[in-house]
Amino acid sequence: MEARAKIAWHVKKAAKYKTLLLMCLPAIIFFIFMSYVPLPGMWVAFLRFDYNKGLFKSPFVGWKNFEFLFTSGQMWLLLRNTILYNVAFILVGNVVQMALSILLSEVASDRFRKTAQSIMFLPYFISAVLVSLLVYNLINYDYGFISNLVRGSGGEMAKLYSMPKAWPVIIVLVNLWQTTGYGCIVYFAAIMGIDPSIMEAARVDGANGLQRIRRITIPMLKPTFVILLLFAVGGILKGNFGLFYNLVGNNSSLFSTTDIIETYVYRSMLNSFNFSQGSAVGLFQSVVGFGVVMACNSLVKRIEPDYALF
Amino acid sequence: MKKNKIGLDRTDFIIRGVTYAIGSIGALACVIPFLLILASSFSSEDAIRRTGFTIWPADFSTYSYSLILRTPKQLVGAYIVTILLTLIGTAVGLFIVAMTGYALQRADFPFRNAIMFFIYFSSLFSAGLVPFYIVMTQAYHLRDSYLAILIPLLMNPWLIVLMKNFAKSVPHEITESGKIDGAGDFAIFTRLIVPMLTPALATIGLFIAIGYWNEWYYSSLFLTSNVEYRPLQYQLYRVINQIAALRNTVAGSVVTITNIPAETLKMATAVLATGPIILFYPFVQKYFVAGVTVGAVKG
C-alpha cells in the first residue's frame, strides 16, 4: 500500500510539473544515449573482442586482459604517468595561478590587470592541434625559435623529440601556459570576494603589501584553494588526451614518459584494433576514478557543504 | 609608527614592480607563439630553412597561401562544415542547456535533484572510449556521419550546472508573477527568463561554439578518409601529421612532392583555421570570464 501511495504521489507531481519535466527531457535523452547506453559495453574488457563479431559473439576470456596489463607492467606505467602528470599540473598550476592573481590584485592599474588577464586567458581557447604546432615552432631541432636562441648564444640544442626525459618538463610547461589564465580568473574572483574593509583596516594599522598578502589574502584564499585541490584530486586518473596526443602522437620513443591512460586506450583501439585491452584499461580507470571522486566529494562536504557535488 | 597616512611603502612598490614585470612576461609568453606561426606563414620555405622560425618574417612571401587557395575546394569545404556545425550545434545545444538549467534551479520542481544527479553522474562514471566508440559505430551507425561530431558536443554537465547557477540570479518573483498572469512554465522561460539572461546565454553559447570550432577529436574517431570535407582543426591535424594530406591540399598544382613547402604550408593552414577565433576573442572574452567566475568551482 505504502509503495503504491508513493507512486501515486509521484505521478500526481509529475502531472503537475509536466512542462518542466518536458523541458528537461531533451537533455535526459542526450545523456541516456551518449553516456548511459555505452555502459554495458564495458563488458568488452572481459572479451577477446572482434569488431566484426560484435559484443555478443566475441569469445569470453574473463580477467585475462587485466592479467596481461598488470603482469606486463603496462598498467603500472600508465598509472604512474597519469598520476604524476596530474600531481605536477595541480601543484605547479595552482601555485602559479594563486601567486599571479594575488600579485595582479595588488596592482594599481585596472587596465594593466585586465589586459594581462585576457591575454593570458587566450591560450585556453586554442585547440590542442594548434598547441602542438606552437610547441613544434619553439623547440623543433632544425628551425625552432628556442633552438635558434640557444644556438645564437653559443649553446648546443638537444634533439627534444627523441629525448623522453625532457617531456615531463615540456608538457607541464605547456599545460601551465594553457591553464594559467583560467585559474587566475578563478582565484581573482575569490580575492574580490574578500571584504575590502578588512584590507583597509590592515592598511590603517600600517601593514605593508607583503604583510597583507601573507596575513589576509593567502589565509582567505585557503578555502577556495582546498576545494579546487580536492576537485582536481578527484580527477587524478583522468588525463588531457588532446594535449598528450597532439604533442607526442605516435612517437613511440617518448612513450615511457608520456603515455597516459587516454592515449594508450586510443592507440590500442584505433592503431592496433585491440579493443579489449583498451577497454580493460578504461574500466579500471572508471571504477577506481569513481572511488577517488566520491572520497574527495565527501571531504568537500565535510569542509564546505555548499560546494559538494551532491 | 610615524606613518599615519595610508600611503605606499617600499614593499608596495616592489610588489608592483614585480607584478608589472611578471605580468608582461606572462602576456608576452602567450603572444609570441602566435606571432611565430603568423610570421612563418608569410615566410618562404627557404627563409625558414636558413633562419628558422622567427617572430618577424625574414622575407615576405604569400606562396603557401596562394598554394592553398589555388585549389580552394578543400579549405572552403572545411570552412562550410565547421561553420554549419558551429551554428547548428550552438543553437540546438544552447536551447537545451538553457531550458534544462532553468528547470533544474526552480525550487518548486520536485524532481530537480534526481535529474541533476542523473546528468552529473555521467561525468563521474563513464563507460570510457572503447564502449562509446562501439555504440556510436555499431548501434547508432554514425561512422562517416557529421552527426557523430554534432551530437556529442551539444552539451555537457558542466554547462548545465553553469546555466543553473546563472538562472539562480533571476529572482523567483519573476517566475511567480508569470504564474499569476496565467503563463505556463515554458512561456515563463521564453518570455520572462530568457530576456533577462542574455549575457549568460552568450557565455554558454560561446563555450559551446568554441567546442565546435576547435573540434578535431570526434572527427579523428569517426570520420574516415571517405569523408571529403573535414572540420578545420581536423584538417589542420591531418596537414600537420600526414604528408599525404599535404599532397591533397595542393593536388592538381604543379608542385611535386619533394618541393612542397611543408613548414610554411602547415603555418598557413593553422592561420586560416584558427584566425577567426583570435580575431573574435577580444570582443567576447568578457563573456568567458563571466562564465569561469560563476561556474568555476564545480567544474
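**Notebook: a look through chains A and B**

I began with H141(B), which I found in the loop between α6 and α7 (147-150) of chain B. The model I'm reading is a predicted one. What drew me to this residue was its backbone: the phi of H141(B) is near 50°, a positive value in a residue other than glycine. Most residues other than glycine have a negative phi. Is H141(B) buried or exposed? I found 11 C-beta neighbours inside 10 Å, so H141(B) counts as exposed.

**A similar check in chain A**

Next I went to F273(A), where phi is near 55°, again positive in a residue that isn't glycine. I located F273(A) in the loop between α14 (261-270) and α15 (275-303) of chain A. Its neighbour count is 13 C-beta atoms inside 10 Å, so F273(A) counts as partly exposed.

While in chain A, I looked at helix α10, residues 196-204. How many of its 9 residues are buried? The number is 0, so α10 of chain A lies largely in the open. Just after α10(A), I noted that G206(A) takes a positive phi of about 90°.

**Two helices side by side**

I then checked how helix α7 (residues 128-139) and helix α8 (residues 145-152) of chain A pack. Their axes are 3 Å apart, at an angle of about 15°. Angles under 35 degrees count as roughly parallel, and α7(A) and α8(A) are therefore roughly parallel to each other. Which residues meet there? From α7(A) I listed N137(A), L138(A) and I139(A), and from α8(A) F145(A), I146(A) and S147(A). By class, this contact has 4 nonpolar residues, 2 polar and no charged.

**Chain B overall**

Back in chain B, I counted 15 helices and 0 strands. Of its 299 residues, 44% are buried. I also looked at contacts between residues at least 6 apart in sequence: in chain B, 73% of them join residues at least 24 apart.

**Domains and core**

The domain assignment splits chain B into domain 1 (1-61) and domain 2 (63-299). Their contact takes 10 residues from domain 1 and 10 residues from domain 2. On the domain 1 side, α1 (10-41) and α2 (45-51) of chain B each supply at least two residues. I see that α1(B) gives the most to that side, with 5 residues. The domain 1 side has 4 nonpolar, 5 polar and 1 charged residues.

Then I looked for the largest nonpolar core, and it has 158 residues. Which residues have the most contacts inside this core? They are V97(B), L159(B), M163(B) and I204(B). Domain 1 and domain 2 of chain B both give residues to the core, so it lies between them. I followed I204(B) further: leaving out residues up to four places away in sequence, I204(B) touches L94(B), V97(B), A98(B), L159(B), L162(B) and M163(B).

**Where the chains meet**

My last entry is the contact between the chains, which takes 84 residues from chain B and 82 residues from chain A. Several helices of chain B each supply at least two residues of the side that touches chain A, among them α4 (73-105), α5 (112-124) and α15 (262-295). Which helix of chain B gives the most to this side? I found that α1(B) does, with 18 residues. I sorted the chain B side by class and got 57 nonpolar, 18 polar and 9 charged residues.

Technical notes: Residues numbered from 1 in each chain as written. Chains lettered and ligands numbered in written order. Predicted model: local features only at pLDDT ≥ 70, side-chain atom pairs only at ≥ 80, totals over all residues. Buried ≥ 20, exposed ≤ 12 C-beta atoms within 10 Å, placed from the backbone. Helix = DSSP H or I, 4+ residues; strand = E, 2+ residues; numbered from the N terminus. Domains from an automatic or database assignment. Contact = placed C-beta atoms within 7 Å. Nonpolar A, V, L, I, M, F, W, Y, C, P; charged D, E, K, R; others polar. Core = buried A, V, L, I, M, F, W, Y, C linked by C-beta atoms within 7 Å. Axes fitted to C-alpha atoms, helices over the stretch in contact; angles between N-to-C directions. Parallel < 35°, antiparallel > 145°, perpendicular 65-115°, else oblique.
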